Amino acid sequence: MNGWLSTTSHWGAYRARVGPDGELDVAPHPADRAPSELLGNVASSVRHETRVARPAIRRGWLENGPGPSDLRGREEFVEVGWDTALDLVAAELRRVREQHGNQAIFGGSYGWASAGRFHHAQSQLHRFLNTIGGYTSSRNSYSLGTSLVLLPHLVGDADTYLRRADGWDTIRRHTDLVVAFGGLPPKNVSVTPGGVTRHTSSEVLADWDRSGVDLDVVSPLATDLPDSRRARWTRVRPATDVALILGLAHVVLTEGLHDQEFLDRCTTGFDEFAGYLLGEGGPVRDAEWASAVCGVPADDIRDLARRMAAGRTLITVSWSLQRIEHGEQPVWAALALAAMLGGIGLPGGGFGHGYGSIGDVGDTGPLLPLPTLPQGANPVSEFIPVARISDLLLHPGEEFDYDGRRLTYPDIRAVYWAGGNPFHHHQDLNRLRRAFGRPDTVIVHEPHWTATARHADVVLPVTTTLEREDIGGGRRDTHLIAMRRILDPVGQARDDHDVFRGLAERLGAGSAFTADRTPREWLAHLYGQWRAALAGEGHEVPAFEEFWRAGELALPARPQSTPLAEFRADPRSRPLATPSGRIELFSARIAGFGLPGLPGYPVWREPVEGLDHDRFPLRLIAHQPRTRLHGQGDVGDVSRADKVHGREPIRLHPDDAAARGIADGTVVRVFNDRGACLAGARLTTDVLPGVAVLATGAWYDPVDDPAQPGGSLCVHGNPNVLTADRPTSPLSQGCSGQQARVEVEPGPSEPPPLSCLHPPRLVPEQEGIR
Ligand SMILES: Nc1nc2c(c(=O)[nH]1)N[C@H]1C(S)=C(S)[C@@H](COP(=O)(O)OP(=O)(O)OC[C@H]3O[C@@H](n4cnc5c(=O)[nH]c(N)nc54)[C@H](O)[C@@H]3O)O[C@H]1N2
Ligand SMILES: Nc1nc2c(c(=O)[nH]1)N[C@H]1C(S)=C(S)[C@@H](COP(=O)(O)OP(=O)(O)OC[C@H]3O[C@@H](n4cnc5c(=O)[nH]c(N)nc54)[C@H](O)[C@@H]3O)O[C@H]1N2
Ligand SMILES: [Mo]
């Protein structure tokens, strides 16, 4: 292909070139039969006016020096040269280390950044901070904050289900019925961290249909059903899946459909769980009880339970269900039900987690993990569970629970972020704004003027993947991609690596950071190490230069396996890494932590703000967006085309809209006690009555207004002004942003303009410094 070069992204490998008109042309990878529509955001975003063109410093910080400030996100920026910016950042890092110690630097920097193994922004930042003495870090992810803590207690580790799930083809061959709590939404599977060369799910579903795999999707949303002829929709009220699962388990137990032999041999604690189902310390959790909570008719519950027991059933729980308050419970309850059915460890049976949440659960993946940049060792031991960022900044010295331990928030003076957008990903953004006012200094590397960049003191412009060289591929990819440099850097953007090299040199750690390699030498080095490891496994791949010329390389695949198959075959000699060596339906260890709401077996818990609410009667689902990756690409064509009067669409049931005088295609105001935003109403029976759906990722665009709850109105439609900054539980402290209680009313007839699509106020250095 003339001038076309290979690259990859979280939404897939593709080809790009600068066309004859100077514009970026983008084409799918030839091997990808179902390329992602998100490719349509690339060309329209990469040179968008929101690109950060030059290093920029908040005026108050430049003039008055470091210190807490409520003006973050509200003040103009002064554009400076790179040397000035790097000198200032190096001096500030030196000051914080000397006066407060390295633990006063928060370098958690959660976020997806871009594809590419070497220029992975978080790895670059962590490596840099480690070479200068370390940083307070963060653990786990917004994606899986609850399951990553819970699963090791239940099955010994999280990878069993998150990294070694049964393959699509195994399911096709062995499974009779897939029951998917949270669904298999087509929008989600176009995305895979690090990249994917072949989007497989549409082919998988066609195969399932042909092979007679039945699918039952449990969700409040019709759009969580994939395009499968054999899919049924079980309409569940949001946040009540646990009640439904308990009802199913009660039917299985009382009708004697459970596999007692498997429970005796491979699990511990079934008696405690069975006692709870049968009404110990509360009501009997039968189908009628469940129906009253979850809204699924009792007869349908009984029917589903019997169908599940009749053949090989795979119960899969989407990641979204553990991103809700009490997020442990649906995962644990589903595992317990799968254990009762006895299919765990059999091909295509048992329990799964995240099929349909993301592109690669179900893909087999390469024989060896792809190369990564070594981050070095962090001498600082302080950390937070990732979603406790506001608490960390607002409550230094306070104690908190995490996985049975009692920990203390350190006192943070400098926040350093590269490759993430907390003003996209965190809950209760009015609170996060207050939290971001507290540190002395906030430093952000960003390609775009995101809300996080706007809330920083120092904004350093960085390149995107298209403007640098890398090697790329996803966790379960089929190809390794030589990612060529296709565009010149936009404005004065530099690679994250180059910025950190400049800082490390100023702090006397240049060689420690770069290991005296150029970026190209790093690529060759990382590839070479990986190639040698593959050779050790008996697989020859070409030398780096040849790979680079060819543009890609097909990866040797890992053999298929079924989670817990070996354990099931011989639980005595292959025990799990749990206290009992078995699957823990009751965990004495978790019970021993004595945490509220966690008796040690799966239980039904109402969300804190209740299932019904007078003032905020709608339950909002704030799920992943179809038209972009989180906040990435929100200025792109695909995302903009879906907006309503420029605002993020909110989906409402026509009855709920009629009761509020809301017409399709009009601007509405969505609010609760924490915050308010505008959005564009889209009426559809795809959502259950009482449910509203507002995807994440509209760039946060607050207008200060003391009359609004939380003190501001997001005029664009970011749901995180509405979500509560409340952990899933004191066990895991995970993100619970998937849902919130809200009310919706007609919005202003002339909604205020958006600011987020343009850069903030910028002044050149000469005018800026007085
Ligand atoms: N209410 C609610 N909130 C949620 C969720 C939810 O379900 N509901 N889901 C959560 C989940 S699962 C996740 S994973 C998070 C996602 O949260 P994030 O990962 O923080 O979201 P992104 O928009 O992907 O942010 C990545 C940022 O990195 C920037 N970037 C891209 N490439 C580079 C680079 O090379 N260098 C640098 N320095 N920057 C780069 C992009 O411009 C972008 O602003 O959101 C969470 N938030
Ligand atoms: N297009 C696109 N795809 C993505 C992403 C993206 O930003 N854009 N982000 C990726 C990332 S980082 C992650 S972690 C994964 C996340 O994967 P998930 O967490 O699984 O994805 P979500 O879209 O947040 O939620 C999936 C579905 O769960 C349903 N749901 C919500 N609440 C309930 C409930 O109480 N009960 C039931 N039964 N269902 C419920 C919603 O209807 C929603 O559509 O998605 C990945 N895929
Ligand atoms: Mo995620």
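## Polar contacts around ligand 2

A polar contact here is a pair of N or O atoms within 3.5 Å. With that cut-off in hand, let's walk through this predicted model, starting at ligand 2. Which side-chain atoms sit within reach of its oxygen atoms? Arg323 places a polar side-chain atom 2.8 Å from an oxygen atom of ligand 2, and His623 has a side-chain N or O atom 2.9 Å from an oxygen atom of this ligand. Pro625 takes part through its backbone: an N or O atom there lies 2.9 Å from a nitrogen atom of ligand 2. On its own, ligand 2 would expose 920 Å², and the protein buries 99% of that area.

## The shell of ligand 2

The surroundings of ligand 2 comprise 33 residues, with Lys187, Asp224, Ala239, Asp241 and Ser357 the closest. By residue class, the shell splits into 15 nonpolar, twelve polar and six charged members. Which domains supply at least three residues each to this shell? They are domain 3 (175-366 + 567-585) and domain 4 (618-746).

These two domains also touch each other, with 21 residues of domain 3 and 24 residues of domain 4 in the contact. Their C-alpha centres are 29 Å apart.

## Ligand 1 and its surroundings

Turning to ligand 1, we find 34 residues around it, and those that come nearest are Ser114, His425, Glu446, Asp496 and Asn720. One of them, Asp496, has a polar side-chain atom 2.7 Å from a nitrogen atom of the ligand. Asn421 offers a backbone N or O atom at 2.9 Å from an oxygen atom of ligand 1, while the side chain of Gln624 has an N or O atom 3.2 Å from an oxygen atom of the ligand. How much of the accessible area of ligand 1 does the protein cover? The answer is 98% of the 920 Å² that ligand 1 has on its own.

The make-up of this shell is nine nonpolar, 21 polar and four charged residues. At least two shell residues come from each of helix 16 (422-425) and strand 18 (441-446). At the level of domains, domain 2 (56-142 + 369-554) and domain 4 (618-746) each contribute at least three residues to the shell of ligand 1. Domain 4 therefore has a part in both ligand shells, given the 4 Å cut-off for being near a molecule.

## Domains and annotations

The chain as a whole is divided into domain 1 (5-45), domain 2 (56-142 + 369-554), domain 3 (175-366 + 567-585) and domain 4 (618-746). Domains 2 and 3 are each written as two segments.

UniProt, in an unreviewed entry, adds its own features. Residues 7-47 carry the annotation "domain: Molybdopterin oxidoreductase N-terminal"; this span is 12% helix and 27% strand, with its end C-alpha atoms 17 Å apart. The UniProt feature "domain: Molybdopterin oxidoreductase" covers residues 51-506, where the chain is 36% helix and 16% strand and the end C-alpha atoms are 27 Å apart. Residues 618-736 are annotated by UniProt as "domain: Molybdopterin dinucleotide-binding". This last span is 9% helix and 26% strand, and its end C-alpha atoms lie 17 Å apart.

## Two backbone angles to check

Where are the residues with a positive phi that are not glycine? His326 is one of them, with phi near 60°. This histidine sits in the loop between strand 12 (313-317) and helix 14 (328-341).

Ala515 is another, with a positive phi of about 55°. The loop that holds Ala515 runs between helix 20 (510-514) and helix 21 (519-536).

Terms used: Residues numbered from 1 in each chain as written. Chains lettered and ligands numbered in written order. Predicted model: local features only at pLDDT ≥ 70, side-chain atom pairs only at ≥ 80, totals over all residues. Heavy atoms only, no water. Polar contact = N/O pair within 3.5 Å; in protein donor to acceptor, adjacent residues only side chain to side chain. Areas by Shrake-Rupley, 256 points an atom, 1.4 Å probe, with all protein chains shown as cover. Nonpolar A, V, L, I, M, F, W, Y, C, P; charged D, E, K, R; others polar. Domains from an automatic or database assignment. UniProt positions renumbered as here; feature names shortened; annotations may be inferred. Helix = DSSP H or I, 4+ residues; strand = E, 2+ residues; numbered from the N terminus. Contact = heavy atoms within 4.5 Å.
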